[in-house]
Amino acid sequence: MANPRFMVGMEFKTHEVLRDAIKEHSIKMGKMIKFKKYDRQKVKAVCQKGCPWEIYGSYVPSDALFRVKKYKSVHECSRSFHVPWVSMHLILKKYSERIKGNPTWLVKSLAQTIEKEQMVKVSIQKVHRARRMALEELQGSAEEQFKQLWGYVEEGPHGGILLTAVAIDANNCIYPFAYAVVEKEKFKTWNWRWDLSGIPCIHAIAALNCLNLDIYDYVHECYKVDTYLSTYNHLVNPINGRDMWPITDNPILLPPDVQKRVGRPKKARRKEPEEPEPADPTKLGRKDIKMT
Ligand SMILES: [Zn+2]
């Protein structure tokens, strides 16, 4: 219920629906509303001391619903930024889709967005938990998609075994960088994997230059324009929609485990061993200093 407006006689399915509407009102208006009574039979909420705002509703057994019996709509209090009602439930309801669409959204920035849009203060811990729950849900849908891979293999124009190789991108997310459908899983079929670091290192370049050889000849074929063009050269065959894929007896595939490491993820780039340490700008080097 977006920005609920109450009135006497208004009906709610259960006491929980009325409670959520009151919480929503509390957040929208920035009011410190407290529940004086809250159970299956009666709900009574009041505003802070000195403010006449009040709502009371009770269960009507004959109609099997909750009805507002008493309502004083005027607030005499001022807007508060510290409304206690920004629940996990509310954050998830309003933001889970956006979190799923942007899984790398930082908790701090997400909390700032919620505070700005809802005009309330939220705790970082609460936002953190809500974000984790939304992403766990997303992981669940990833599992569903992996379960369908066998069906995709059976349905596809090639038949056979599906092999995929995954990598981690700059945002610590897994993505498949190559896949192949092979007739059988064996050493030979796993050998299709390219060595992606097929670029000569600085030492090799130095040696090649010394021998007057062309470095380009020693770069892996996979980096060359011709390879790129031939990769996208073939026709991609259309296949039936997901609903029409056959159900197989193969064991259910699960997405690769996401190994959550302890602590904050490292942001700093890993330095090469020969890279010099950056000079400390707060210290004066010993070099060129004459001792007197
Ligand atoms: Zn009030």
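Helix α1, residues 15–29, lies across five strands in this predicted model: β1, β2, β3, β4 (54–60) and β5 (65–72). Its direction is about 10° from that of β3. The strands beneath this description form an open sheet, ordered β1-β5-β4-β3-β2, and the pairing is antiparallel. At the edges sit β1 (11–12) and β2 (34–38), each of which pairs on one side only.

The β2 edge can be followed residue by residue. β2 pairs with β3 (residues 42–46) through four bridges, in the antiparallel sense, and the two strands make a hairpin with three residues between them. Within that pairing, Lys 34 stands opposite Val 46 of β3, while Phe 35 has Ala 45 of β3 across from it. As a general point, side chains in a regular strand alternate between the two faces of the sheet.

Moving on to the helices further along the chain, the largest nonpolar core has 13 residues, and the members touching the most others are Ile 91, Ile 114 and Val 127. Three helices give two or more residues each to this core: α2 (88–101), α3 (107–118) and α4 (124–147). Of these, α2 supplies the largest share, with four residues. There is also a second core, separate from that one, with eleven residues, including Leu 18, Ile 33, Cys 47 and Phe 66. Leu 18 falls within the range of α1, and Phe 66 within that of β5.

How do α3 and α4 meet? Their axes come within 9 Å and cross at roughly 105°. Since angles from 65 to 115 degrees count as roughly perpendicular, α3 is therefore roughly perpendicular to α4. On the α3 side the contact involves Val 107, Leu 110, Ala 111 and Ile 114, and on the α4 side Ile 124, Val 127, His 128 and Arg 131. By residue class, that contact splits into six nonpolar, one polar and one charged. Two of the names are already familiar from the largest core, namely Ile 114 and Val 127. In general, an α-helix has 3.6 residues a turn, so residues three or four places apart point the same way.

His 128 deserves a separate look. This residue lies in helix α4 and takes part in the contact with α3. Is His 128 buried or partly exposed? It has 14 C-beta neighbours inside 10 Å, and burial needs 20 or more, so His 128 counts as partly exposed. Its C-alpha is 8.7 Å from that of Lys 108, a residue 20 positions away in sequence.

Helix α7, residues 202–210, is another matter: the helix is hardly covered, and the number of buried residues among its nine is zero. After α7 comes Asn 212, with a positive phi near 60°.

Taken over the whole protein chain, the model holds eight helices and seven strands. Of the chain's 292 residues, 11% count as buried. As for how far apart in sequence the contacts reach, residues 24 or more positions apart account for 54% of the contacts with a separation of 6 or more.

Terms used:
Residues numbered from 1 in each chain as written. Predicted model: local features only at pLDDT ≥ 70, side-chain atom pairs only at ≥ 80, totals over all residues. Pairing = 2+ DSSP bridges. Contact = placed C-beta atoms within 7 Å. Axes fitted to C-alpha atoms, helices over the stretch in contact; angles between N-to-C directions. Core = buried A, V, L, I, M, F, W, Y, C linked by C-beta atoms within 7 Å. Buried ≥ 20, exposed ≤ 12 C-beta atoms within 10 Å, placed from the backbone. Parallel < 35°, antiparallel > 145°, perpendicular 65-115°, else oblique. Nonpolar A, V, L, I, M, F, W, Y, C, P; charged D, E, K, R; others polar.
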